[in-house]
Amino acid sequence: MSLALNLFTILSVSIGAFFFLAGTVGLLRFPDPLTRLHALTKADNLGLGLVVMGLLPQVQWPLGTMKLLAVWLFVLLAGTTVSQLMARAARREGPDA
Amino acid sequence: MTLALAVDFGLALLVLAVAGWTIAVRDTFAAVIGFVAYGLLLALIWVRLAAPDVALTEAAIGSGLTGLLLLGAAARLRAIETPATAPGTALRWVAGGLCVLVAAGLAALVLWLPDPAPTLAPMAVAHLPATGLGNPVTGVLVAYRAIDTLLEAVVLLPALIGVWSLASDRCWGGAPILRYPRQDGALTLLAQVLPPFGIILGIYLCWNGADEPGGAFQGGAVLAAMWALILLAGLADAPPVSRRWLRVLLVAGSAVFLAVGLAGIWIAEAFLAYPAGYAKPLILIIEVVLTLSVAVALGLLIAGPPAEDPT
Amino acid sequence: MIDGTTLFGLCAAALIGFGLFGLIVHPQPLRKILAFNLLGGGVFLLFGVIARRGAGAGLSSDPVPQALVITGLVVAFAATALAVALLLRLAQATGRITLDAAASDAAPTQTQDADS
């Protein structure tokens with residue numbers, strides 16, 4: 001059982017790390033602010049979600065689990081807000097900003 | 001052990017790269033964003049150095065609050081940024097050489113630090129039970145080196161007076177303005193959802209600081225950040241700085257700290273000493289009042305001098 | 001073989017070099033404030049390295065330098081806030097941001113100060 005859980009953790013965190021890598025590459029390579037934000041949200045949502053999901057079996061129920069979920073929720077909340085603000089600022093300043 | 005070293009190596013390279021970029025990049029706004037990232041990476045290094053209390057402070061104050069302050073300034077100065085005359089190539093080379101020399105000297109110092117390293121850890125641990133605290137860093141802050149912490153709390157006040165004194169005559173005693181110029185639904189939502197959790201976290205950090213990483217300054221910084229968020233979103237306005245309750249709140253932390261310290265001359269052996277058996281409750285009272293004062297002082301330092309309402 | 005603590009010590013020395021360089025060569029005052037804070041981060045990190053080396057008595061780090069750094073971070077923030085306020089006031093009063101005395105003498109106040 002613990003072997004299966006460990007495998008699940010390794011797999012999930014690895015996929016999460018891959019999404020972070022892909023998001024970072026997109027952030028560096030995409031041409032304008034909106035597409036860069038698009039790449040960033042992939043890293044934030046999918047990457048962090050998968051990392052948190054992978055770590056869940058490794059922490060103590062219930063406090064560790066709740067802490068991880070809280071971290072995930074707060075990062076999502078902050079990430080969405082900042083993306084919104086940046087996207088609106090980018091649209092105001094025009095496509096070449 | 002080699003894996004940990006590889007992580008440390010990557011972290012050190014990353015922080016150096018971000019620091020170099022922050023210094024080299026042309027756009028001031030981008031440099032400030034680089035600085036925030038630099039602060040967060042430094043916080044990770046503090047965790048690796050087994051100093052979670054400092055990591056919390058670095059993330060909250062060094063990166064978060066300082067970053068917010070500099071971002072606001074960069075945004076306001078962007079319109080009038082004048083292309084100042086950069087120093088010539090010769091001066092750059094001289095400055096670069098000097099800095100390499102300083103860095104090399106410090107690096108040599110790090111490599112030839114005395115071995116075994118001098119430490120006060122055994123003394124800090126030996127007397128910790130007398131304070132009733134479980135976190136040795138808090139023990140140093142509020143018991144062994146209480147005079148430093150008292151002065152640290154006091155120094156926020158002259159800084160704030162300095163900031164306030166820069167108000168123009170017409171705004172004297174008025175309210176500072178920290179509103180984001182364009183109202184935005186997303187920002188408003190964040191300012192409505194986050195503060196309840198942030199306030200709980202601030203209180204938790206203050207309360208927990210006795211035994212676990214945390215303390216008055218970390219808790220106060222989180223509370224100040226929540227206040228700044230509410231002000232930024234325009235959900236509330238900062239109070240005029242001439243309000244009496246505001247000033248009482250500002251000096252309360254230092255005043256209570258000083259009063260307990262002075263009382264120590266009579267009821268304990270010395271200034272800032274705690275009577276045996278009463279150390280923990282006295283420290284708790286100081287920490288709670290100090291957290292409030294620190295939160296208000298940090299928030300007002302971010303808000304800046306009283307200004308005219310643009311609307 | 002080098003250990004992580006020494007590595008961070010060398011990193012701190014380099015950060016102080018970077019910060020000092022930025023402080024000297026950047027003409028804009030805000031960049032100078034930024035570089036000074038970057039330099040401060042490096043100095044604090046040196047304290048952290050010395051604290052980590054002083055591990056003992058069951059603690060993994062000497063608490064005294066740690067407490068000093070916490071004090072230092074708060075004081076650095078207060079000083080930065082004052083510096084930023086001074087800079088914004090300078091910009092408001094003269095309409096330009098420069099520390100160059102000659103430039104501000106040659107071109108006196110471009111925009112009228114709000115309260116003069």
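Where in chain B is the place of A50(B)? In this predicted model, A50(B) sits in the loop between helix 2 and helix 3 of chain B. Its phi is near 60 degrees, a positive value in a residue other than glycine. A50(B) has 18 C-beta neighbours inside 10 Å and therefore counts as partly exposed. The report below turns to the chains and their contacts, and then returns to individual helices and loops.

## Contacts between the chains

Among the 2 pairs of chains that touch, chains B and C share the most contacts. On this interface, 87 residues of chain B are in contact with 73 residues of chain C. The elements of chain B that give two or more residues to this side include helix 1 (2–24), helix 2 (28–48), helix 4 (89–111) and helix 12 (279–303). Helix 3 of chain B provides the largest share, 14 residues. By class, the side of chain B that touches chain C holds 60 nonpolar, 15 polar and 12 charged residues.

Chain A meets chain B through a short list of residues: 6 residues of chain B are in contact with 5 residues of chain A. On the chain B side of that interface there are 5 nonpolar residues, no polar residues and 1 charged residue. Chain A and chain C are joined by no contact, and their closest C-alpha atoms lie 22 Å apart.

## Chain A

Chain A contains 3 helices and 0 strands, in the pattern α-α-α along the sequence. The C-alpha trace of chain A spans about 55 × 25 × 10 Å along its principal axes. The radius of gyration of chain A is 16 Å, whereas a compact globule of 97 residues would have one near 13 Å. Of the 97 residues of chain A, 10% count as buried. Among the contacts in chain A with a separation of 6 or more, 62% are between residues 24 or more positions apart.

The average pLDDT of chain A is 86, and 95% of the residues score at least 70. Confidence in chain A is highest in helix 1 (residues 2–29), at a mean of 90, and lowest in helix 2 (residues 33–55), at 86.

## Two helices of chain B

Helix 3 of chain B, already named for its share of the interface with chain C, has 26 residues. From its first C-alpha to its last it reaches 35 Å, close to the 38 Å expected at 1.5 Å a residue. A kink of about 35 degrees occurs in helix 3 of chain B, centred on E58(B). Because 21 of the 26 residues of helix 3 of chain B are buried, this helix is largely enclosed by the rest of the structure.

Helix 12 of chain B has 25 residues, which should span 36 Å at 1.5 Å a residue, and its end C-alpha atoms are 36 Å apart, in agreement with that value. Since 19 of the 25 residues of helix 12 of chain B are buried, this helix is also largely enclosed by the rest of the structure. Just after helix 12 of chain B, G304(B) takes a positive phi of about 85 degrees.

## Loops and backbone details

Which residue of chain B has a phi near 65 degrees? The residue is L272(B), where this positive value occurs in a residue other than glycine. L272(B) is found in the loop between helix 11 (244–267) and helix 12 of chain B. L272(B) counts as buried because it has 21 C-beta neighbours inside 10 Å.

D211(B) lies in the loop between helix 9 (185–208) and helix 10 (216–233) of chain B. With 12 C-beta neighbours inside 10 Å, D211(B) counts as exposed. Leaving aside neighbours within four places in sequence, D211(B) is in contact with L133(B), G134(B) and N135(B). The C-alpha atoms of D211(B) and V137(B) are separated by 9.4 Å, although these residues are 74 residues apart along the chain.

The table lists cis peptide bonds in the model.

| Peptide bond | Omega |
|---|---|
| W61(A) to P62(A), cis | near 0 degrees |
| D115(B) to P116(B), cis | near 0 degrees |

Both prolines of the table fall in loops: P62(A) is found between helix 2 and helix 3 (63–93) of chain A, and P116(B) between helix 4 and helix 5 of chain B.

Note on methods. Residues are numbered from 1 along each chain as its sequence is written. Chains are lettered from A and ligands numbered from 1 in the order in which they are written. This is a predicted model: local features need pLDDT of at least 70, side-chain atom pairs count only at pLDDT 80 or more; totals for chains, interfaces and linings use all residues. Two residues are in contact if their C-beta atoms, placed from the backbone, lie within 7 Å. Ala, Val, Leu, Ile, Met, Phe, Trp, Tyr, Cys and Pro count as nonpolar, Asp, Glu, Lys and Arg as charged, and the others, Gly among them, as polar. Helices (H or I, at least four residues) and strands (E, at least two) are DSSP runs, numbered from the N terminus. The radius of gyration is taken over C-alpha atoms; the globule rule is 2.2 Å times the number of residues to the power 0.38. A residue is buried if 20 or more other C-beta atoms lie within 10 Å of its own, exposed if 12 or fewer, and partly exposed in between; C-beta atoms are placed from the backbone. The expected span of a helix is 1.5 Å times one less than its number of residues. The bend at a residue is the angle between axes fitted to the seven residues ending there and the seven starting there. pLDDT is the predictor's confidence in each residue, from 0 to 100.
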